[in-house]
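Please take a moment to bring the sequence and the model into view together. The paragraphs below walk through parts of the fold in turn, and they are easiest to follow with both at hand.

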Amino acid sequence: MYGTIRVTAYEPDPAYGPLLEPLYVMPLGDELHTVLIDIYNRTRRESERPSRLPVRQLNSLLRSLAPGVVATARNADTTSDHAWLYGSGPVPLEVVGPLIGTWASSLLRGYEDDETDDANAPETADQLLDQLDTSLEKLPPWDTETVDLTETGLSPGGTAEPARRLFPLLPEWVAHRLAARPFTVLGPDIRFRVVSRDGGADLVSWPPRVHEHKKRSWYYSALISITVHTVPFTPRFRVHVSTHIRRWTTRLEVAPKDLRGTTVLLDVPLPWPDGPGRSPRLVENTLAFDRRLGKVAWRRHSPAVLLPDLDIVRRYPEPADLFAAPDKWLEGSNGIAAGIVYNHALGTHSVASGVMPRERSLLDAWVEEGLRPMLRRVPDLTRVTRKNTPSLLRRSASEGQPTRDAILALSRRAALARVLDGTPLDVDVRWQSPETRDALLAELPALIGLPPGRSVDGADDTWRWQADGIDIRLRARPAGSLASGLGMSGDRKRPFALRLADAVNDRCSVVAERITSPKEAQGLAIIEIGGKDRFSAVPGSDPKHALRIACARQGRLSQFVALAQESEDTLVHRARWTWLDAFRQLGAISPPAHRVGEGIPGDLQYVALWLIRHTRKGPTRRPAHRLVAVRVRPDEGSIHGWDPVRADWVTYPRLLRSLAMSGTTLDGTTVQEKKAKGRSFGAGSEPYRQQEAERQIRTLLYQLRDRPTLLLADAGNLRQCWPQLRNGSLMKDRLAFGDGPDQRLAVYGPDLRVVLVRDGNGRDEVPEWYAHDGKGGVGFSQGVWGATDPDNRVFGSTADVPHTAALPRGLMKLVPTASGRAAPRKTAWNPVCLELTVLGCLSEKALADTERGDMSADLPAEWATLAHQLRFHDDYPPLARPLPLHLARLAGEYVLPLATP
């Protein structure tokens, strides 16, 4: 067992002092900004005009083709007195000008054919270009500025707040510094190129590496992502460096019309005479099927659209050519190379994802060496407890003792009896294959420790189980057309969301005819359906969400099981998980007893908050914002959810059904009801949604004052509606809402504790990690980790790798050893480090402020350990989040609003 973990994060070294970097800077300039925004607005109708100049493509073009440009600032198009371009040297205006001019000219394509509602607009595109040429002749000169790449303020709560410009600048500086040195530890030199992206920078090893398998060449690269982040109550910001495998597509296994959008990186020479020849960057573009053109094309923001205008000598890849022969361009043609980044929608790939801890540690050591002495490694974290898991059952039982399976079956049966409370459970199984039906019928009694069910009245499709206070009645019949694709209307004049709503309502009518509402019973439907690929030919035809809505209208919960031929796991495994998920929806699940210690109150309840947020691209093509609150009381074995309409707690099954029946708003009322009250739901409605969410949270906290409560909130999820959870706004043992002041935690409950949970959130907000023993041994280890500071409030929670994903910890994929030639084909499963911040507890200061100094103060490490132990359950592998948060997040499966005319 390892006693230390190392996170792949770095912070400014105070011994080095400020990291001063002399840079050349250029503002956008008032005159140029005015001309560009005028060009853009005059080529579009007033209703299509954005509030800001869309310079994403221009910024990408400048970073890629203007040698020396280090970074482009955010929002520079709105404030001309701020720096727009940052360069390591003064890029000649003869280079910057043509790049801006080419981009602006592209905006005018088709202008003469477009109508405009501006009476003062010039009559020809030539007049607009003349204005542009005049402004480009007066480009602002480059100026020099010494930028402190460690410029940081401190929030009132003691959290670092780096200057805004560091978020794009520092990752670029780190990336270029690292790319200047090859990685040689594993054998042949591996060199990297820089890829700029929103919120950070990437390093991609180039040229790609090759793995031969199945008589084909499979290409892949090392990928290193660099981002800047903060940690609550930590006075220095951090640079997170994460390592991955980037795979390249050599054969597209999708039709052109199914290409939704995939990233393409271009390696192109610089088109300037007397220049450096090649850029240290790869140019990021997006390739997708354009329905207007009827063919594969570059998306508008892609710099590749403009390259032929800048360099008329070379032949750049046409989208159709790249789609037809990606391997040809990956190997390069006439000095130009292009790589289509692989994703699962494009087909199969023999190289698997992920790197193992030994390889990660070697890359991490290379990064550490490249950043000295300006940045130093964040100190290692050590164990804060030996009690890593709650009271879980042993895998093997002593002789003469009940087996683990027998004990679990008895526990599940008792949990079902508790939540059903004498009410029968009516189960309607709709199958497509008799093997699935038989597996479901066999697994149900096995999971709850009962003999096979008896048929009812001699029927061959109905079974019943009765024992220990439970009464389960199950009917199993063919799914038939229930599981077929939805009948989508082909009327393109009607919005897609309305056509989808019609199809859903049609399916609901069919379900109402075939699946009756349970009478005086808890209802559950289990339906065998095909996977997404089966319905991909007709967008919107997947019946899963329609069946969920239909079952909820019939008063039933719903659970789905995949067709046997479309699943890689075994039939027994699928049947088992179908029932376990059904038990979870019924609320028949409870966290095991914790092993933290006596500092945790015996009558503690857990409350988890999760914001369900769908965009117009969501499952029903309707936006939705719904705050879900789940309450778990282990001493009662109960799970409830907050019903904002009733302003009361309801059972978890009832919460799920109500979510499927309600509209899109935070308080559970329908969109039509809100419109009747004059509230906005379009642009500008975010302030109202935030106010409504915060009002609801305060109401919840008031309802929880009667007993000790641990509030669990995912910071990355919830700060969308509760901005005061932003790191820079946090203060220990205090809460704040809206524009109000920070208030003591006791104001919201005398025995309230708050733990914030955070994962990578898709942006590497929490760094990667690996365990080490200080003697060269590396691997993974589960536990709770923290700094040695006794006042520390931020901890890491890790789980070990499941036995099904175990691989040699020293596996090398970038340079496979002689004994590991197949290593690139191995999936490296890496457990996530979950960040746990004990925002509020009964600390010594909190007790003194409320004149409760006679009580023993909380230990923050104990509350972090409790949250960590909530990730473990006998029926599941370690959860990504504590069980109450897991339940709140999964409730989002039932938030399915439909469009109305």
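At 1.5 Å a residue, what should the 16 residues of helix α14 span, and how far apart are its end C-alpha atoms? The expected span of α14 (residues 571-586) is 22 Å, and the end C-alpha atoms are 23 Å apart, which agrees; the expected span of a helix is taken as 1.5 Å times one less than its number of residues. The model is a predicted one, in which local features need pLDDT of at least 70 and side-chain atom pairs count only at pLDDT 80 or more, while totals for chains, interfaces and linings use all residues. Residues are numbered from 1 along each chain as its sequence is written, and side-chain values use heavy atoms, with hydrogens and water left out. Helices (H or I, at least four residues) and strands (E, at least two) are DSSP runs, numbered from the N terminus.

Helix α14 has many buried residues, where buried means under 20% relative accessible area, exposed over 50% and partly exposed in between, with a 1.4 Å probe and protein chains only. The buried residues of α14 are R574, A575, T578, W579, L580, A582, F583, R584, Q585 and L586. Just after this helix, G587 takes a positive phi of about 85 degrees.

What does α14 lie across? The helix lies across β20 (425-431), β23, β24 (522-529) and β25, and runs at about 160 degrees to β25; here axes are lines fitted to C-alpha atoms, for helices over the stretch in contact, and angles run from 0 to 180 degrees between N-to-C directions. Helix α15 (residues 652-661) also packs on the sheet, touching β24 and β25, and its direction makes about 80 degrees with that of β25. The sheet itself is open and has six strands in the order β21-β22-β23-β20-β24-β25, with mixed pairing, two strands being paired if DSSP finds at least two bridges between them. Its edge strands are β21 (454-455) and β25 (556-562), each of which pairs on one side only. Within the sheet, β22 (residues 462-467) and β23 (residues 470-478) pair in the antiparallel sense over six bridges, and I472 in β23 is the bridge partner of W465.

A second helix, α11 (residues 434-448), meets α14: their axes come within 8 Å and cross at roughly 55 degrees. That angle makes α11 oblique to α14, since angles under 35 degrees count as roughly parallel, over 145 as roughly antiparallel, 65 to 115 as roughly perpendicular and the rest as oblique. The residues in contact (heavy atoms within 4.5 Å) include E435, A439, L440 and L444 of α11 and L571, A575, W579 and F583 of α14.

Helix α13 (residues 544-553) is mostly covered, with seven of its 10 residues buried. These are A546, L547, R548, I549, A550, C551 and A552, and what covers them includes α12 (496-514), β24, β25, α14 and α15. After α13 comes G555, whose phi is positive, near 80 degrees.

Elsewhere in the chain, helix α5 (residues 166-179) has 14 residues that should span 20 Å at 1.5 Å a residue, and its end C-alpha atoms are 19 Å apart, which agrees. Of those 14 residues 11 are buried, so α5 is largely enclosed by the rest of the structure; among them are L166, P168, W173 and A179. The axes of α5 and α9 (residues 357-371) come within 10 Å and cross at roughly 105 degrees, and the two helices are therefore roughly perpendicular to each other. Their contact is made by V174, R177 and L178 of α5 and W366, V367, G370 and L371 of α9.

Another open sheet has four strands in the order β4-β5-β3-β6, with antiparallel pairing. Because β4 (69-72) and β6 (143-148) stand at the edges, each with a single partner strand, one side of each is left without a neighbour in the sheet. Six bridges join β3 (residues 20-27) to β6, and T146 in β6 is the bridge partner of P22. Helix α2 (residues 56-65) packs on this sheet, touching β4 and β5 (83-87), and its direction makes about 165 degrees with that of β4.

Finally, is T837 buried or exposed? T837, placed in strand β38 (residues 834-840), is buried, with a relative accessible area of 2%. Leaving aside neighbours within four places in sequence, T837 is in contact with P232, F233, V754, V755, L756, R793 and V794.
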